[in-house]
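Please open the model in your viewer and keep the selection panel at hand for a short tour.

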Amino acid sequence: MDTWTSLDISAAALKRAQKLREENDRFTKQAAAELARARELIADIADLLDARGLRHR
């Protein structure tokens, strides 16, 4: 394999790795947002249970 072919393969691999990293970052942000929303919902449910005197501690 000549040097240019090796460089082309390396550049393609680097480009793919960058794309995967960007996808991972996007999924991580999405998961964090969904987790935050779930925590808000749990807190809202806990508040409702407290208001009705039904929450156990």
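How far apart are the mean positions of the positive and negative charges of the protein chain? For the 11 positive and 10 negative charges, these mean positions are 4 Å apart, where Lys and Arg count as positive and Asp and Glu as negative, with His and the chain ends not counted, and where each charge is placed at NZ of Lys, CZ of Arg, CG of Asp or CD of Glu.

This is a predicted model, in which local features need pLDDT of at least 70 and side-chain atom pairs pLDDT 80 or more, while totals for chains, interfaces and linings use all residues. Residues are numbered from 1 along each chain as its sequence is written, and side-chain values use heavy atoms, without hydrogens or water.

Next, show the whole chain as a cartoon: its secondary structure comes to 1 helix and 0 strands, counting DSSP runs of H or I with at least four residues as helices and of E with at least two as strands, numbered from the N terminus. The C-alpha trace spans about 75 × 15 × 5 Å along its principal axes.

Select residues 3–51, which form helix 1; its end C-alpha atoms are 71 Å apart, in agreement with the 72 Å expected for 49 residues, a span taken as 1.5 Å times one less than the number of residues.

Move to the start of helix 1, where a side-chain oxygen of aspartate 2 comes within 3.3 Å of the backbone nitrogen of tryptophan 4.

Finally, go past helix 1 to glycine 53, whose phi is positive, near 70 degrees, and then to arginine 55 in the segment after the helix. From C-alpha to C-alpha, arginine 55 and aspartate 2 are 70 Å apart in space.

Conventions
A polar contact is a pair of N or O atoms within 3.5 Å; within protein, one must be able to donate a hydrogen and the other to accept it, and residues adjacent in sequence count only if both atoms are side-chain atoms.
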